[in-house]
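Please load the model in your viewer and switch to a cartoon representation. The tour below proceeds by selections, each followed by a note on what is there.

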Amino acid sequence: MTGEQMWAEFAAGASGAAGAVWDAWAFGGDPDGLARLVLSGVKTATASAYPLYALENEPLPEAGEYSVILNSREEAVCVIRTDRVAVVPYREVGAEQARREGEGDRTLSCWRKVHEAFFREEMAASGLRFTEDMPVVCEEFHMVWPEEGAKKCQSNG
């Protein structure tokens, strides 16, 4: 199923979704594994390198926006809704963000190890340099579709 097809199915049955702002994208690094974490209700946050938004002339995510999450084959997996967005220096990303991202052992030390390597590679590919002062876009979200997953996610907190 494509992102457009999933959005059409979701929007047809979701009150207030018609005409809402949405985008389709895949997580970096491990799109399939991270999408599975969203489906299981474990992953309810993500982080991205702020400098790349300006470089690519992309707007920052905003609370209330929807996203269709894609896998590595660009197939639609689920729909999420952004709850909160904050931009903080990499060094100030906290343990709660790491826990909500759901990766590895969900600790801040694990998050830092994985994300520093990822951000270094991503920034270098764009001709930029990673530093611990680099702004990071921290996004919190919840899954809204498919409904079975959304209900499971809501019951888990």
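**Starting at helix 5**

Begin by selecting residues 108-125, which make up helix 5: this helix has 18 residues, and from its first C-alpha to its last it reaches 25 Å, close to the 26 Å expected at 1.5 Å a residue. Keep in mind throughout that the model is predicted.

With helix 5 still selected, display the side chains of Trp111, His115, Phe119 and Met123, which are buried in this helix. What covers the buried residues of helix 5 includes strand 2 and strand 5, together with helix 3 (50-55) and helix 4 (95-101). Helix 5 lies across strand 2 and strand 5, and its direction makes an angle of about 35° with strand 2. Step past the end of the helix to Gly127, which follows it and has a positive phi, near 75°.

**On to the sheet**

Next, select the strands, of which 5 form an open sheet with mixed pairing, in the order 1-3-4-5-2. Strand 1 (22-26) and strand 2 (45-49) are the edge strands, each pairing on one side only, and from one strand to the next the twist averages 40°.

Now narrow the selection to strand 1 and strand 3 (residues 66-70), which run parallel and are joined by 5 bridges. To find one such pairing, pick Ala24, whose bridge partner in strand 3 is Val68.

**Finishing at helix 1**

Finally, select residues 3-13, helix 1, which lies across strand 1, strand 3, strand 4 (76-89) and strand 5 (135-145), and which runs at about 95° to strand 4.

Definitions and conventions. Residues numbered from 1 in each chain as written. Predicted model: local features only at pLDDT ≥ 70, side-chain atom pairs only at ≥ 80, totals over all residues. Heavy atoms only, no water. Pairing = 2+ DSSP bridges. Helix = DSSP H or I, 4+ residues; strand = E, 2+ residues; numbered from the N terminus. Axes fitted to C-alpha atoms, helices over the stretch in contact; angles between N-to-C directions. Contact = heavy atoms within 4.5 Å. Expected span 1.5 Å × (residues − 1). Buried < 20%, exposed > 50% of the residue type's maximum accessible area, 1.4 Å probe, protein only.
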